[in-house]
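The exercises below are meant to be worked through with the sequence and the coordinates open side by side. Each begins with a task and is followed by a solution in steps.

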Amino acid sequence: MTNGTPTHIETMTSDLLQADGVRAGATAGPIGPAVEVREVSKAFPGVVANDRVSLAFHHGEVHCVLGENGAGKSTLMNILSGMYKPDSGAVMVEGREVTIDSPRRAIELGIGTVYQHPTLIPVFTVLENLMLGEGVGVRLDVEGGLRALDRFAKTLGLEVDPHAPASRLALGQQQQIEIIKALWSGSKVLILDEPTSMLTPQGIEELEKVISQLRDEGLAVIFITHKLHEALDLGDTVSILRGGRVVGSWGPDVVKTKSRSEMQALIVGAMFGEGAGSLEDVAEVRDGVTGRARRRGLPNEPVLELVKVSVEALRGEVGVHEVDLTLRRGEILGVAGVDGNGQRELAEVIAGQRSMVGGDIRLCGESIARAGVGRRQSLGLRYVTDDRIGEGTVGTLSVGLNLVLKRIGEEPFWRGGRIREEAIDQAACDLVEGFDIRTPGTETRCGTLSGGNLQKVVLARELSFDPKVVVYNKPTYGLDLKTTLAVRDRIRDLAESAGVAALLISTDLEEILDLSDRIAVLFRGRITGIVDNAPGVERHVGELMLGGDRGD
Amino acid sequence: MSDMLTAAFLSALISGGILAGMPLLFASLGETISERGGVLNIGLEGMMLMGGYTGFVVTLYSQSHWLGLLAGAGAGLITALLMVVFCVRLGLDQIVVGIAILIAAGGFTSVLQRAQFGTTYPRLDAMSAVEIPLFAKIPVIGPSLFAQPAIVYVGFALVAVLHWVLRSTNMGLNLRAAGEKPEALDAAGVSVTAVRSIAALSAGAFAGLGGAYMSIVGAGIFVPFMTHGAGFIGIVIAMLGRGRALWVVIGSLLFGMSVSLTTALQLVGITVPIDVVNMLPFVAVLVVLVIFARQAYLPAALGLPYKRGIR
Ligand SMILES: Nc1ncnc2c1ncn2[C@@H]1O[C@H](COP(=O)(O)OP(=O)(O)OP(=O)(O)O)[C@@H](O)[C@H]1O
Ligand SMILES: [Mg+2]
């Protein structure tokens, strides 16, 4: 906050002071903000995650909180939900100062949270997940639970099978269950920490409807996102965190009167300070996305070929059926589709993490059908998983070790069976810098990084050390705007200058349109069509994604 | 003639199976509770020994089997306090603490036994059997199944209770959540520490009861290290039972029968060397593991300490 201090910080504070009187009229709810934090600070070893944060969240309002990865958004929410204790500062609920020392307390105070990382228990049914912790008596009140679920489903316009195991639901549905769970015991405040990062456009649309409805019912909704247009569509109030501090906050009086582009400029300026200039015309904030022309003159040399590849469907999956794909040198082939149509199966079978029931996979002309994960790695095949916590990183190891995790035992990091700390440290420092990973140091335990920074660790590891073919599964989910663009540039750059072919699996159509040369569409485990990317192609792709017409 | 032999063989097998299977049943029920809650209790056998010794001494002096059994459960519970303090609260490694408890309890009980009784092994009176009217009259299996000391029926009742608790109560749901994803339980507003503490303590009480059954009802004497690996077999049964009480019963009784098989064989005139007798349960474990191990389902957060806010 040296030269980038925005001038609107004054308006923000005065806004906070007079907020009580101004907003109370909006709903018949109680006077004053539903929740307010005053001068809240929280430090972790090596970082100040929240630095004297003051914000107020009002009834009947959607308050969007934005900020780059590691800005301290989740930390603030964790303080409100009783997961973290603030080092200093005060939390007020409906005008009274409270101590939220446990999630139980937060729930009692009417604060419901959908955390950034899923809290559904995969082996539990939907109903069991919802009833967890809410029972008062000895017996599980299944009938009562079913009735409550029915009520929620009706008012929110959702359809759920109460007895399906949570693991069998699509991500969008899981997200909806998480929301119902957060509302289950009559919350008056709903915290949503990046609920949309894994959702498809349809899922997001449904979510937005639900959120507007809740707002109209008088709830205070705190909505964290990296997507500007969501903030602009939904937010009554928009606040920006940067380096743990509030660097901008605009109430409805500003948000509703300024034009979209003015708001965009304000937000981007506050979020990234001086580095924001280049982001003015970013695709993410453009209205009406369309394809860009396929690059010409690509070499016609296939590097990855899938021939009638089939994968058995595990519980709750669709599997992959007789998929034919050819990826040429330097090409970016997008794989579009609604989540849960075989994306993960396809990625894993290419990476060697799953066995095929039929077909063949060739890398540079040679079959790798029988090669293991390690062998494929050393042949230059890389896989950026979409499960950054489960399989992408080892939370208890240092950031440095995580960055060389797939090079264990190899020169120069290991020599003669001995680990060479300096070599690892050197490489790790370079990667941390190159990928802008926000971490106190390379020795920091990886599990303590923020969600987006974990994703950067995975990307940094997979994209270094001479990749030939990279399979990306949702490479930019949870990344902030600037990093998303940087990662896209890197993917493009690798393809153009180093000839690294990319199979870009994503549920974000905009991303696929932005990067791909060709677009394949996956539906129920089959490729329903492959089209060249070109302006105006999105309608056709959209139809294919819903299982529309076959072929070109 | 051969009919009579089979009848004798069968009833020896069943009653022997129950005799040897009950301690396993208690122990593996305890381990089931603990494992579902995410606490791996390797020290199960140590808690059995503590229960066995305490129960024996209390019965000897009070002449009350029931008091002895209760004392055994209490001793197991107190031993399990170590698990609660070191593993659940302080987050130390459950395997290390479990092994320490196992070794310490084995030494502790045998030293006490030596000090108190020297090389004499006083005997307790047998616990009187309670016949269940009508059922006890069923030929062959009747007398062996339905004329047992009352604690056996209590054991089976506990199975039913556990089954109910795990499936249809809030506590059961909390318990399973603590083992699968403690952060989710915490986020739902339930204290993971409390749930896991209760789980660990119940496991101790059950194991203590199993040990007390062994010394008071089964053998009538206490001999140092008399459990002979029963605790570990209990752990295996719990793992294969996948949290289902009924499977735990079946497993325990099958293992119990494999122990009593040799006695039953002797009844029909086939003698088996004592080494084979001692070996049988472990062979049975091996065979069962080879066949069924793939089906063992362990809770996702088993053995992992939980502390809020630590990522
Ligand atoms: N439990 C923890 N232990 C140590 N450091 C932590 C912990 N939680 C968060 N941090 C640190 O605090 C900072 C802020 O993290 P936070 O998760 O709040 O970021 P965020 O704004 O939510 O980012 P993202 O958009 O990537 O989710 C980061 O530098 C992170 O490394
Ligand atoms: Mg976050």
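## Exercise 1: strands of chain A

Met92(A) stands opposite Glu97(A) in S5(A). The model is predicted, so that local features need pLDDT of at least 70 and side-chain atom pairs count only at pLDDT 80 or more, while totals for chains, interfaces and linings use all residues. Residues are numbered from 1 along each chain as its sequence is written, chains are lettered from A and ligands numbered from 1 in the order in which they are written, and side-chain values use heavy atoms, with hydrogens and water left out.

Task: place this residue pair in its hairpin, and then find the strand that pairs with S4(A) over 5 bridges.

Solution. Strands are DSSP runs (E, at least two residues; helices are H or I, at least four), numbered from the N terminus, and two strands pair if DSSP finds at least two bridges between them. S4(A) and S5(A), the latter covering residues 96–98, pair in the antiparallel sense over 3 bridges. The hairpin has 2 residues between the strands, and Glu94(A) takes a positive phi near 45° there. The partner sought is S1(A), residues 35–44, which runs antiparallel to S4(A), residues 88–93; in this pairing Val37(A) stands opposite Val91(A).

## Exercise 2: a salt bridge within chain A

Task: determine which parts of the chain are linked by the pair Lys42(A) and Asp87(A).

Solution. Lys42(A) forms a salt bridge with Asp87(A) (a side-chain nitrogen of Lys or Arg within 4 Å of a carboxyl oxygen of Asp or Glu), with the closest N and O atoms 4.0 Å apart. Lys42(A) belongs to strand S1, whereas Asp87(A) sits in the loop between helix H2 (73–80) and S4, so that the pair, 45 residues apart, links distant parts of the chain.

## Exercise 3: the interface

Task: describe the contact of chain B with chain A by its residues, its area and its charged pair.

Solution. Counting heavy atoms within 4.5 Å as contact, 25 residues come from chain B and 32 residues from chain A. The two chains bury about 2300 Å² between them, 58% of it on carbon and sulfur atoms; this is the accessible area (1.4 Å probe) lost on being put together, summed over both. The rule finds 1 salt bridge across the interface, in which Glu128(A) and Arg176(B) have their closest N and O atoms 3.0 Å apart.

## Exercise 4: ligand 1

Task: which chains surround ligand 1, and which side chains lie at a stated distance from its atoms?

Solution. Because residues from chains A and B surround ligand 1, the site is shared between chains. Of the 22 residues around the ligand (a heavy atom within 4 Å), those that come nearest include Gly70(A) and Ser450(A). A polar side-chain atom of Tyr84(A) lies 3.1 Å from a nitrogen atom of the ligand. Side-chain N or O atoms also lie 3.0 Å from a ligand oxygen in the case of His226(A), and 2.8 Å from one in the case of Ser450(A).

Terms used. A polar contact is a pair of N or O atoms within 3.5 Å; within protein, one must be able to donate a hydrogen and the other to accept it, and residues adjacent in sequence count only if both atoms are side-chain atoms.
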